[in-house]
Amino acid sequence: MPPRHDHASVGITIDGRLDEGIWSRVPAYDHMLVTTPDVRRRARYRTQTFLLYTQRGMYVAAWNEQPADTLMGPLSGRDSFEYADAYQIVVDSSGAGLYGYWFRVKLGDSLMDGTLMPERRFGSDWDGPWDARTQRTDDGWTVEMFLPWSMMNMPAGDGERRIAIEIARFVPHLNEVWSWPALPDTEPQFISLFQPLTLAGVAPRQEVSVFPYAAVSDDLVRGTGATDAGVDVFWRPSSAFFLSAGINPDFGQVEADNVVVNLSAYETFFPEKRLFFQENQDIFSTGEYGYAAGASPLHTRRMGASVGSRRGWPDLGDERVEGHDLTRPVDLRIAAKTVGQAGRSRYGTMFVAEDDTELRRADGNGNVTARGRDFGVLRYQYEDTSAGARKAIGWLGTLAQHPERRAITQAVDANYRTPSGDWSVEAQVLGSDVDGEAGWGGMLDVVNVPRTGDQHFFHIASFDDGLDLNDLGYLWRNDYTRVFYEFWRRRQDYDRIRDIEGWAYFHADVNGAGQLVEGVAELHYGWGFKNNTRISVELEYNPSHWDDRASRGNGTFRLGRAWDVLANWDSAPDGKFNAGIGLDLGRESLGGTSREAEVFLTYSPLDRIRLRLSTGYESRESWLVWQGGANLTSFASEHWFTSMGAEAYFTARQHLQVQIQWAAVKAFESERFSVDGETWLDQVQRAPELEPDTFAISDVVLQLRYRWQIAPLSDLFIVYNRTGSLPDGVGRQRFTRLFDNSFGTPDEEGLLLKVRYRFGT
């Protein structure tokens, strides 16, 4: 067990140098085994870990033996998965395998952290106020870390306390991961098998953190400016309770979303990037496998979303307003979140109130007021791991309230995992009530690991046509039943091949009328080689099926079979150059051929500089696009998507980045169709006097961002954004002309300066 010291007498400076005398009196642990690949043999080099703790936190130090000429330490931003030598500790602060936190420091002082939920659900959305430093030595490198107890959720108590840990080391020049305890990802159990530690006198003191912020922005397109200020408060009176609240809270997002061209009937899902919603968010998760059905009762991106994205169009009716106002985020007046634990019960609450938004009428004749919405979330979960198995049951309720629309959703979730972890069962029942219209649905997931490296996953979900989660949650579609099965296998440590990974899966979606609306069968195989390169091939088959969404409620039609063949190659990621290429050849449901090629390249001339390029081209002969009413057209189309960026790191905490994303489409009419009841698409002859239809889309986003992490959770941002859109261009234009037109006449262009600083205990 690690020794306990009084915090005032420790005298450790977190600088990465193990020169304090106290480290020579702390026992060293060196039990690392190779777990990636899963061979579980003794690690090639020594890793001596030193642990001690005080009433305020845990100190962690390590000496990592390694030849100096093999060390890799490129600088990167926080939570960036760059290939580098790294040291990680994972802490099960519940002591019972219920939840935890992971902390990783890379050579060069770049930090990564996040949350962990059973058994191996890593999240990188959480950032904590901890510190770590590294130093190169003649025989390797050293690391020092300090992890405050006050940043972690823990059961209440002030006597002896049980926690558990896992230590890992990432050695890129060998392409290996070493860990203690040895818990490779080919095994079903992880957090439940951590190394237990018993601590005495750890009762985290009250923590109060105040985050004032100020922001100044300048809209260069409209010639207007704005200032904003507010305060967020984090209060943890005990280890078992946490409150965060904000007045005019800091919900500003300084990282751009990916550019996506989506003309389908289905919404694009964007992940959450705002600090308030990322902090202590794991309690609000109702399951691990909702992604298989595209269903979640809570999607926090709905809060503060633009007026134009609201469900039900409750504010505007037939009013036409300026497009920019419809797409900008809504301001939030107040927000509060609580997370707590009592015994085996955990709970969470969240409340957010939007401000009213003034929208300019399209004809310039005054404004329209869009009323703000109020959101409420309640969560309760009971978990028991005392007998070795994990048993959990929970409830989540949400409310999205608007003067013209009221949406209530509820979810009951349950989970059971056997003591050995070879079987896991997860179930959810979902219900919604939107202005008196009710809907129901449910999901069942079963995972079986019959032996190391093999896994069976079975999923079934069913949602009636009344279920509507999208006021505050996310539902890919309703009125369908999905059956999904996947078999996954990995084998490792061959003579010339590092690992072989493959999976086979199928899923079938049937709507309420009994029609197959989507079916997929896929086979994937990949080989990783000793030189760290990787290749993979994939076959995908889609049977003939019905489409009941493309016509937006104007009828259902049948589509033919389709297939795809894909191949990918990735170079070793451990040099100055890292590259990859992917190729895709397919047959579309209307009989045309699709071809796609994608290339990415990363070049790091120095550890502090990184250049990135990702570009892809796709051609389709039968791209089906809705044209309004019961009318659809197939197009011969060309698609370009490109992302270019450069990063420069002055230190691990000062980062300059420039990134440009561009997506463009050119489309030329092939055939016109109409939907007539439930049949194959009926071809419609174009009137002789009408020219064939063409269109073009070009969307571009440029962002220049400087970030200085002044202190833990304290940042200065300087951001320049420029976005341009050409939603209805002429298809015969060259792609270079499309780019020039969309970039040269920006829809939005602005400069933002934001400072956020943490004051606290």
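Q: In strand E30, which residue is the bridge partner of Trp488?

A: In this predicted model, the bridge partner of Trp488 in E30 is Trp503. The two strands, E29 and E30 (residues 497-511), run antiparallel and are joined by 13 bridges.

Q: What makes E29 and E30 count as paired strands?

A: Two strands pair if at least two bridges are found between them, and E29 and E30 are joined by 13, so they count as a pair. On the same criterion of at least two bridges, strand E27 (residues 454-463) also pairs with E29, in the antiparallel sense and over 10 bridges. Within E29, Glu486 stands opposite Phe457. In the hairpin of E29 and E30, which has 4 residues between the strands, Asp493 takes a positive phi near 65°.

Q: How do the side chains along strand E29 alternate?

A: Along E29 (residues 480-492), Tyr480, Arg482, Phe484, Glu486, Trp488, Arg490 and Gln492 point to one face and are buried, while Thr481, Val483, Tyr485, Phe487, Arg489 and Arg491 point to the other face and are not buried. In a regular strand the side chains alternate between the two faces of the sheet.

Q: Why is Arg373 called buried?

A: Buried means under 20% relative accessible area, and Arg373 has 8% relative accessibility, so Arg373 counts as buried. Arg373 is placed in the loop between strand E21 (367-370) and strand E22 (374-384). Leaving aside its neighbours within four places in sequence, Arg373 is in contact with residues including Arg302, Arg310, Glu354, His402 and Asp471.

Q: What makes the approach of Arg373 to Arg302 a polar contact?

A: The cut-off for a pair of N or O atoms is 3.5 Å, and a polar atom of the Arg373 side chain lies 3.0 Å from the backbone oxygen of Arg302, so the distance falls within that limit.

Q: Why is the pair of Asp113 and Arg78 called a salt bridge?

A: A salt bridge needs a side-chain nitrogen of Lys or Arg within 4 Å of a carboxyl oxygen of Asp or Glu; the side chains of Asp113 and Arg78 meet at 2.5 Å, N to O, and therefore satisfy the criterion. The pair links distant parts of the chain, with Asp113 in strand E7 and Arg78 in the loop between E4 and strand E5 (86-92), 35 residues apart. Asp113 is buried, because its relative accessible area is 0%, and Arg78 counts as buried at 15%.

Q: Why does the salt bridge of Glu82 and Arg612 tie together parts that are 530 residues apart in sequence?

A: The side chains of Glu82 and Arg612 meet in a salt bridge of 2.2 Å, N to O. Glu82 lies in the loop between E4 and E5, whereas Arg612 lies in strand E38 (residues 609-626), so the pair ties together parts that are 530 residues apart in sequence. Glu82 is buried, with a relative accessible area of 18%, whereas Arg612, at 32%, counts as partly exposed.

Q: Why is Asp715 called buried, and why is Arg707 called partly exposed?

A: The limit for buried is under 20%, and partly exposed lies between this and over 50%. Asp715 has a relative accessible area of 9%, so Asp715 is buried, while Arg707 has 23% and is therefore partly exposed. These two residues form a salt bridge, their closest N and O atoms being 2.9 Å apart.

Q: What makes the phi of Asn532 and of Leu713 worth a remark?

A: Most residues other than glycine have a negative phi. Phi of Asn532 is near 75°, a positive value in a residue other than glycine, and Leu713 has a positive phi of about 60° although it is not a glycine. Asn532 is found in the loop between strand E31 (516-529) and strand E32 (534-542), and Leu713 in the loop between E43 and strand E44 (714-729). Asn532 is buried, with a relative accessible area of 10%, and Leu713 is buried, with a relative accessible area of 10%.

Q: Why are strands E1 and E9 said to stand at the edges of their sheet?

A: The open sheet of 5 strands has the order E1-E3-E4-E10-E9, with antiparallel pairing. Strand E1 (28-29) and strand E9 (131-137) each have a single partner strand, so one side of each is left without a neighbour in the sheet.

Note on methods
Residues are numbered from 1 along each chain as its sequence is written. This is a predicted model: local features need pLDDT of at least 70, side-chain atom pairs count only at pLDDT 80 or more; totals for chains, interfaces and linings use all residues. Side-chain values use heavy atoms; hydrogens and water are left out. Buried means under 20% relative accessible area, exposed over 50%, partly exposed in between (1.4 Å probe, protein chains only). A polar contact is a pair of N or O atoms within 3.5 Å; within protein, one must be able to donate a hydrogen and the other to accept it, and residues adjacent in sequence count only if both atoms are side-chain atoms. Contact means heavy atoms within 4.5 Å.
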